[in-house]
Amino acid sequence: MGQTAKDHGGRLKVEGNLISAHIVRGLWEKYFAEKSMPKVEARNLTPKQFFRFIRDAESSKHIAPNSRESMLKEHGHIIPMEKRGGFVFYVKSEDKWIIIRRSNCTVSVTDVLSHEMRHIFESIDAQGRNIRRQ
Ligand SMILES: [Zn+2]
């Protein structure tokens, strides 16, 4: 098990290259402006970091990953981990969303971000609060 998403005194440590907050905010304002933007952090991870993060995150009590249920609803089946290019997590302890993108993914940064942001958008109220999970 890697240490990517392990808890460090209640805080989450995520590896990878931060995607500019400017890009993230720009996309939110372009597509999702009807709701206040919550705290969102986006990162490009190497495939190794990406899969390790997902594995760790799914076992961390501080994180609520996309449930299998919502994945089934969206895609009709469970997407194998190696086929996933992006993922979004809600970090309860920090009231923050983290979007990760696999750096060798063929889908562009903006397309992955907008896709994952749609999931955030559908999970929050007009004030940007998560209404799906506490
Ligand atoms: Zn999705």
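Which residue in β7 does E41 stand opposite? Keep that in mind as you look around; the tour comes back to it. One thing to know before you start: this is a predicted model.

**Stop 1: the whole chain**

Show the protein chain as a cartoon and pick out its 4 helices and 7 strands. Follow the chain along the sequence, and you should meet them in the pattern β-β-β-α-β-α-β-α-β-β-α. Of the 134 residues here, 25% are buried. Now think about which parts of the chain touch. Taking contacts between residues at least 6 apart in sequence, 68% join residues at least 24 apart.

**Stop 2: strand β7**

Select residues 96-102, which make up strand β7. Is this strand largely enclosed or not enclosed by the rest of the structure? It is largely enclosed, because 6 of its 7 residues are buried.

**Stop 3: a parallel partner**

Next, add residues 39-45, strand β4. The strands β4 and β7 run parallel, and 7 bridges join them. Here is the answer to the opening question: highlight E41 and I98, and you will see the residue of β7 that E41 stands opposite, namely I98.

**Stop 4: an antiparallel partner**

Keep β7 on screen and select residues 86-91, strand β6. This time the pairing with β7 is antiparallel, and it extends over 6 bridges. To find one matched pair, click on F87, whose bridge partner in β7 is I100.

**Stop 5: the turn**

What do β6 and β7 form together? They form a hairpin, with 4 residues between the two strands. Zoom in on D95, which lies in the loop between them. D95 has a positive phi of about 45 degrees, even though it is not a glycine. Most residues other than glycine have a negative phi. Is D95 buried or exposed? D95 is exposed, because it has 12 other C-beta atoms within 10 Å, and a residue counts as exposed at 12 or fewer.

**Stop 6: helix α2**

Finally, select residues 47-58, helix α2, and find I54 within it. I54 is buried, because 20 other C-beta atoms lie within 10 Å, and 20 or more is what counts as buried. Now show F89 as well: I54 and F89 are 35 residues apart along the chain, and a separation of 9.2 Å lies between their C-alpha atoms.

**Before you close the viewer**

Try showing β4, β6 and β7 together. You can then view β7 with its parallel partner β4 and its antiparallel partner β6.

Notes. Residues are numbered from 1 along each chain as its sequence is written. This is a predicted model: local features need pLDDT of at least 70, side-chain atom pairs count only at pLDDT 80 or more; totals for chains, interfaces and linings use all residues. Two residues are in contact if their C-beta atoms, placed from the backbone, lie within 7 Å. Two strands pair if DSSP finds at least two bridges between them.
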